[in-house]
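Colleague: I should be grateful for a close look at a single covered segment of this model and at what lies around it. Please then set other parts of the chain beside it.

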Amino acid sequence: MTAAAVRPDLDVLDPAVLTDLVHGQLRLGPEQALTLFQRMPIQELGRWADARCRFMHGDSIRTYVIDRNINYTNICTARCTFCAFRRDGDEDDAYTLDREVLLQKIQELTDIGGTQILMQGGMNPHLPLDWYTDLLHAIKERFPQVHIHAFSPPEFVEFVRFFDPPGAGLEDQLRWVMKKLRGAGLDSVPGGGGEIFAPAVRRKIGLGKCDAEQWLTVMRVAHELGMNTSATMMFGHIEGIADRIHHMDMVRRWQDRAIDDFAAEGGGRYMAFIAWPFQRENTPLGRAKEWGLGESDDVSQPFPGDVVARLDGSGEKESHPLFGRRVRMAGASDYLRTQAISRLYLDNVFSIGSSWVTMGPHTGQVALHYGASDMGSVMMEENVVSAAGTTYCLNEATICRLIRDAGFLPAQRNNQYNLLKVHDEADSPDLRVRDWSTLRVQRLHQQSEKAKNEAVGLTIAGAPSN
Ligand code: SF4
């Protein structure tokens, strides 16, 4: 497939140019994306992103998936400053799930019609390779129908360090590990740990975690081995807007390569892009002051992250003395604007996922008109984002209602984005509900463990599905 041309000489605010972009006859360049972000009124931007989404996905169906997020361990060698989930191995609440507990969680998932697990951990140096292969075999033996979407790129890079597999370099070693896990039952790789690729930002927030090149290399090996993946971006902290666009540009470039090199032989690719704003509660990074609240902050000047950021990712932290010490949290409009740009920029990625989990269900619903084609996961469990404060809970009926009220037909999908059930009948999950007062939106972190367990089956918790 030949990608459409980037034409930096064209005025991206010209409706004729945007119309070509919507129809896939042009590609956004990085400078043009920045122009759209900075100069186009948000409702107009949403309209163009929606037009692109409708061109790709049609006018009627928007999707969701039922899966369970299983965090098999919270022990982690990294110290990401935005993370409230990780523990050292000797902390009281450090855990690694027993295999039977984990299998029981999957049983509960299949009992309510779930189709996949999203299984990620901290990066636990005490678990040998056999622990993973035995677990995958056990899951596939008991639940052959369940899709295993597991182990993010930072975990794979640490697997190489922990297991010291044979191979001439990282790519070879990754291939060796990944083949073992794929052979044991791994189906696809989630895009966790993407954060922001630009080195200046990544070095500040992702302490002990792989760099962008390594992250992208893991996904390239997964694609080579025929596995689909997703890409994520966590924004709204110390980064500049140009960093977000650089991040999308990296995903687009590596996706082009994956399609060129592997698609003809049945290789994988990035199926989805999901971006969500940083959640600050209980995190070291969350203690950084909001831009404008420091005594020396001059808000008539650009945000430090914008001073540092470069569209080619080459920003240097020395460019601003307050870089990394001030955050700019993202609200609903920043989120919607960022998501709309991602739909327009990532012309080679199938799905854009709405992040209702962090933004709340109603912003998540509006996101369906800002380029998102998918409401992500109706999930039974989430531990990572909820540890940082903000996680909403929605059940399947509510998520279907949100999609329907936004003007679309809700449809359950699987990991490959095949439609499993289009809810166009009177017995659809949302149309069966008579009393919506019992289905209030809940915040996961405000629920007791007992309440969470009681809620399984009807009230299902969600988190960013990556
Ligand atoms: S975000 Fe993931 S890799 Fe980073 S500290 Fe937390 S658990 Fe570890």
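Modeller: The account below begins with one helix and then turns to other helices and to some loops. The model is predicted, so local features are given only where pLDDT is at least 70 and side-chain atom pairs count only at pLDDT 80 or more, whereas totals for chains, interfaces and linings use all residues. Residues are numbered from 1 along each chain as its sequence is written.

The segment chosen is helix 6, which spans residues 153–163. Helices (H or I, at least four residues) and strands (E, at least two) are DSSP runs, numbered from the N terminus. Helix 6 is mostly covered, since 8 of its 11 residues are buried. A residue is buried if 20 or more other C-beta atoms lie within 10 Å of its own, exposed if 12 or fewer, and partly exposed in between, with C-beta atoms placed from the backbone. The buried residues are Pro 153, Pro 154, Glu 155, Phe 156, Val 157, Glu 158, Phe 159 and Val 160. Their cover includes strand 5 (116–120), helix 7 (170–184) and helix 9 (212–224); here two residues are in contact if their C-beta atoms lie within 7 Å. After helix 6 comes Asp 164, with a positive phi near 45°.

Pro 154 of helix 6 is buried, and Pro 154 is also one of the residues that surround the ligand. The others are Cys 76, Ala 78, Arg 79, Cys 80, Cys 83, Phe 85, Arg 86, Gly 122, Met 123 and Lys 209; a residue is near a molecule or strand if its C-beta atom, placed from the backbone, lies within 6 Å of it. By class, this shell holds 7 nonpolar, 1 polar and 3 charged residues. Ala, Val, Leu, Ile, Met, Phe, Trp, Tyr, Cys and Pro count as nonpolar, Asp, Glu, Lys and Arg as charged, and the others, Gly among them, as polar.

Two further helices may be set beside helix 6. Helix 16 (residues 396–405) is also mostly covered, with 8 of its 10 residues buried; these include Glu 396, Cys 400 and Ile 403. Gly 407 follows helix 16 and has a positive phi near 105°. Helix 12 (residues 332–345) is largely enclosed by the rest of the structure, because 11 of its 14 residues are buried, among them Tyr 335, Arg 337 and Tyr 345. From first C-alpha to last, helix 12 reaches 20 Å, close to the 20 Å expected at 1.5 Å a residue; the expected span is 1.5 Å times one less than the number of residues.

The loops show another side of the picture. Most residues other than glycine have a negative phi. Asn 282, however, has a positive phi near 65°, and Asn 282 lies in the loop between strand 9 (270–277) and strand 10 (289–290). Asn 282 counts as partly exposed because it has 14 C-beta neighbours inside 10 Å. Tyr 417, in the loop between strand 15 (409–413) and strand 16 (419–422), has a positive phi of about 70° although it is not a glycine. Tyr 417 has 16 other C-beta atoms within 10 Å, so it is partly exposed. Glu 265 belongs to the loop between helix 10 (241–262) and strand 9, and it counts as exposed because it has 8 C-beta neighbours inside 10 Å.
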